Amino acid sequence: MKSSATDCLLKLYDEQHGLEDYQSGVPRWCTGCGDNAILAAVQRLCRDEGLRPEKTVFVSGIGCSSRFPHYMKTYGFHGIHGRALPVAEGIKMVRPDLTVFVNTGDGDCCSIGAAHWIHAIRYNMNLTVFLHDNQIYGLTKKQASPTSPIGTKSNTTPRGSYLDALNPLTITLGVANASFVAQAVDWIPESLFDIVKAAYHHQGLSFVRILQRCPEWLPKSLDPWMQDPDRIQLLHHENALHLSPGLAKVYKNHLVHDPMDMNRAREISGHEDIIPVGILYQNREIPRYEETRQTGVLRTTETVRKGFEAELDKYSV
Amino acid sequence: MDADLQTHIAFYLTGKRASSHLLAVDGLKLRPALFSNYRDLTRLRYDFPLVLVSDRPDGGFVESLSGLIDAILDKIARGDDGERIRKHVLRLEQEIRTRVAKGDRGLLSALWDQAAPVLGKDDKLIADSLSRARANLKIDGDVVDCDASMPYHLLSHAWAITQTQRARKFGKDINRLVLKLSDIIKADFVNSDAGKSAENLRASFGTGPMDSFNFEAMSRILIKSTPKKNLSESRRQRVQNLLSVLQNQKFFPTTTAQAEAPYSFAFDTCSDALKAYRERLPKAIELAKAIAMAELEIKGEYSEAKHDALFESFGENGLDAGELALLPDYLVRLNYGKLTGAEQSQLNEILAVDLPIKILVQTDDVIEESPLGHGHLAFALRSRQLASMTIGINAVFVLQSPASSLYQLRTQIQSGLDYSGPALFSVFSGAASTTGGLSPYLIGAAALESRVFPAFTFDPSAGRDWASRFSLAKNPQAELDWPRCGFAYEDASNQAVSEQIPFTLIDFVACDSRYSKHFACVPRTHWNAILTPVGETVAQEGRGQLDSVPCLMMVDPDNRLQKVIVDEKLIREARRCRSMWNSLQELGGIHNSHAEKLLASEKKAWEDAAQHIAPPATVAPTAAAATPATATPAEQEAERSPDEAYIETARCSTCNECTQINNKMFAYDGNKQAYIADVSAGTYAQLVEAAENCQVSIIHPGKPRNPNEAGLEELLKRAEVFL
């Protein structure tokens, strides 16, 4: 329907929310934990975009980061380990009018939930997924996760981990129908917010890996990148993020990257010495599963009854 | 002076045939030379007849017969017998075209089925070709030819399809709203004591082991244990009212509508359309209001405190374009020749006040005599002024075209029907009774070629400037005053002659028997050099020296070339017609005088400047030129004093380190990023500690405020790295 004067008038009556309207309780995360920065960025997004709390859902699995829904005064679902994505997909399927965010950790998403992760990318439903990657199981007090760098000493790998870390970006970029892949770091709040915002606006599954510090169990792990701004490479492009003068002044390593260039995105995301920050890949043309499955038929009591009966008739003898 | 020249000039100036050698053209059945090839249109493949189609995936409403036949041939005319099939199917196309030209009408499939057996009766191969083509005829619809009724049928059909599509969308929206509103009422019932009664629970169980359940006990538990939160009476009333309005609306036929027939929106007079619009406006407002309220209700966002007052005054200023776009548009079909004064003023009212009404104004005669009489000519003025005047209103979609070009303008017609405000379709049918047997298609095409009735569109939704809104694209050779066409003939000594001749207003007028007195045929024996092509005379400004007489080339029924001289009155009309066309050209960006003046002055300025520019010096790039732009001083942040304590707030990552140390000294701003709220709320030691703990090193402790604080010397040393 076209926007009419009535629509404009009604918008005037819309409730305006402040940041505090999205805050719920005091986070139990450790002081210095990168989750705090992500929470601040997401609450700012909700305020700036005027998201209605009753129309917004945060779904998580298990882990430190998965406590996220508790701290948002919206609907939330603190789910079971590795199953945040299927729950979120179910919500989106039956309630496409809701804005659905997913918060998942490196253990939750890349280990026990890896199968769901792959298929969620392929379904490309309109979800915004934040992978809080602190490279360690923090809630259970330091076990190596799939993204722990090789040699990480932990309770499960006392002599150091033996395997190379899994790269969530290259994996996501290798799955059919990937439509939005970005990387952020928790210690550059301006770029974190820009990426979170771009991910929210993307129509399709936006996958944002956020590298975050764990001050308790891996306090020095990301120091080399945090203390040397030249090892952060800010990606920008006329069709993606633009750099502010302030940010460009502090972080001088910039790269113009076209987010439609998949091959280059894979190449950039494979870098280890330098952390690329920005949108690696975005394709707005990929269809969304929930839309391709829409029949346009209204779910009246009659239709539902007929559907049930048709299904049950298959088993009648 | 030569006697012939005298006679001819006398005719040119007075329109009187003073000598017997000049023949009246009445009865000679002459037609413009450029029409010599178009005696039998049924033998030609062109846009007509048209097929009015429905339910096309691309939303189209019309196809040309030849286009449909081509599509079929693309599929089946392949392989060894491809050529044979092509020949036979094209013969069928010609047969259908001939039948339609004779007045046969009906569905394409019916006409096909009548024509095909006649052609294939004695020839099995023809029958085979046609049956294979028939199997591939997937599109059907009424066939119309270019005649007086075609614009009426074509536009009514296109409008009806547009309204059907709108009704489909509207029905979908209404069904959704009705279902969701009904769900609110239903959910409330289920939650009420009556809904939880044993009878209702039993009834909802269906069939099965009823005895295994104690519905009374279940009812008691449910009534006692579930929270009571029923709909307020005012909300129930409101939802029921909305349901009633939505289900009883008569603007579109929907599945939820009650038995009453929907309104009709097609009219043949402006007054009827306006009357209906006025009468239905309260209902339209009620419906638009119900839709807006229902959307809020089903989202649970309707707040009586906020919205009641708003909806009470809903529609006091009528409905805006967005709201009207939900409802059907009105269609009014008029014939300009039959318009009364009252109807004209109603028409102007519709166009001026932005009503959602689409108007077809058909003109059958564009060269009628001026009402002043006495031979005053006012060719095409009355019919053309309607479209030109309407463009001046600026908010009306305007399309002007002869009927012969409507197929070419089908996309523009659709744009007009989709336009959210009023649209005017001014169409010249070409079906006048004074054209000596020339078909309406030919007359329409001639009106377009001769600039008597140019085709143009003005679409206010296409942009804000003339370049976006106005288009002359469908006029032949629009950059010229008159289109020039090739004409080939044999002269008296049987030598082939070929020349380019312009098609002017005079060619068009020559087709009309009412104006034959302005023409005089010159017998072949009197042909001489003083007979100058009409185009040359029209191109001159003013009368000039009278040493030649304008002459038009025409052909008689035996296709013999004749030369016809023309009087000055028609020459003046032709010049006026050209001038009107030139104005349209300017609006359409062709030879625009403002642009040309500007271009000339810019060109001159550029040439002057070019003369004064010194040759470029070959200087090596300086070091300063290589400095990156990022280092401009404007972007440098103001340096802060190292004595001052501050935080680079924009870089704060909300890690809580500083606020944990002293939440009075350090606080979060609106974006949850830290700043120093009160530097005197804590010690210098806390400032230094916070700077050391900050993981992104953005806290600068500055210099201590209290010179007596303990351990200052050591603290200042620790703070040095953060200054």
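User: Hi! What pLDDT does chain B average?
Analyst: Chain B averages a pLDDT of 86, and 93% of the residues score at least 70. Here pLDDT is the predictor's confidence in each residue, from 0 to 100. This is a predicted model, where local features need pLDDT of at least 70 and side-chain atom pairs count only at pLDDT 80 or more, while totals for chains, interfaces and linings use all residues. Residues are numbered from 1 along each chain as its sequence is written, with chains lettered from A and ligands numbered from 1 in the order in which they are written.

User: Where in chain B is the pLDDT below 50?
Analyst: That happens over residues 617-637 of chain B. Beyond near neighbours in sequence, this stretch has three contacts in the model. Two residues are in contact if their C-beta atoms, placed from the backbone, lie within 7 Å.

User: And what ipTM does the model score?
Analyst: The ipTM is 0.80, and the pTM is 0.74.

User: Cool. How many residues of chain A are in contact with chain B?
Analyst: On chain A there are 28 residues in contact with 29 residues of chain B. Helix 1 (5-13), helix 2 (34-49), helix 7 (189-201) and helix 9 (245-250) of chain A each supply at least two residues of the side that touches chain B. Helices (H or I, at least four residues) and strands (E, at least two) are DSSP runs, numbered from the N terminus.

User: Which helix of chain A gives the most to that side?
Analyst: Helix 2 of chain A does, with five residues. By class, the side of chain A that touches chain B has 14 nonpolar, nine polar and five charged residues. For these classes, Ala, Val, Leu, Ile, Met, Phe, Trp, Tyr, Cys and Pro count as nonpolar, Asp, Glu, Lys and Arg as charged, and the others, Gly among them, as polar.

User: Switching to chain B as a whole: how many helices and strands are there?
Analyst: Chain B has 24 helices and 23 strands. Its radius of gyration is 40 Å, well over the 27 Å that the globule rule gives for 723 residues, so chain B is more spread out than a compact globule. The radius is taken over C-alpha atoms, and the rule is 2.2 Å times the number of residues to the power 0.38.

User: Which domains is chain B divided into?
Analyst: They are domain 1 (3-39 + 482-595), domain 2 (49-145), domain 3 (327-471) and domain 4 (640-722). Those bounds come from an automatic or database domain assignment. The centres of domain 3 and domain 4 of chain B, taken over C-alpha atoms, are 77 Å apart.

User: Back to chain A. Why is strand 11 largely enclosed by the rest of the structure?
Analyst: Strand 11 (residues 275-282) of chain A is largely enclosed because seven of its eight residues are buried. A residue is buried if 20 or more other C-beta atoms lie within 10 Å of its own, exposed if 12 or fewer, and partly exposed in between, with C-beta atoms placed from the backbone.

User: In what sense do strand 7 and strand 11 of chain A pair?
Analyst: Strand 7 (residues 180-185) and strand 11 of chain A pair in the antiparallel sense over four bridges. Two strands pair if DSSP finds at least two bridges between them. Ala182(A) stands opposite Ile279(A) in strand 11. Strand 9 (residues 232-236) of chain A pairs with strand 11 in the parallel sense over three bridges, and Ile232(A) has Ile275(A) as its bridge partner there.
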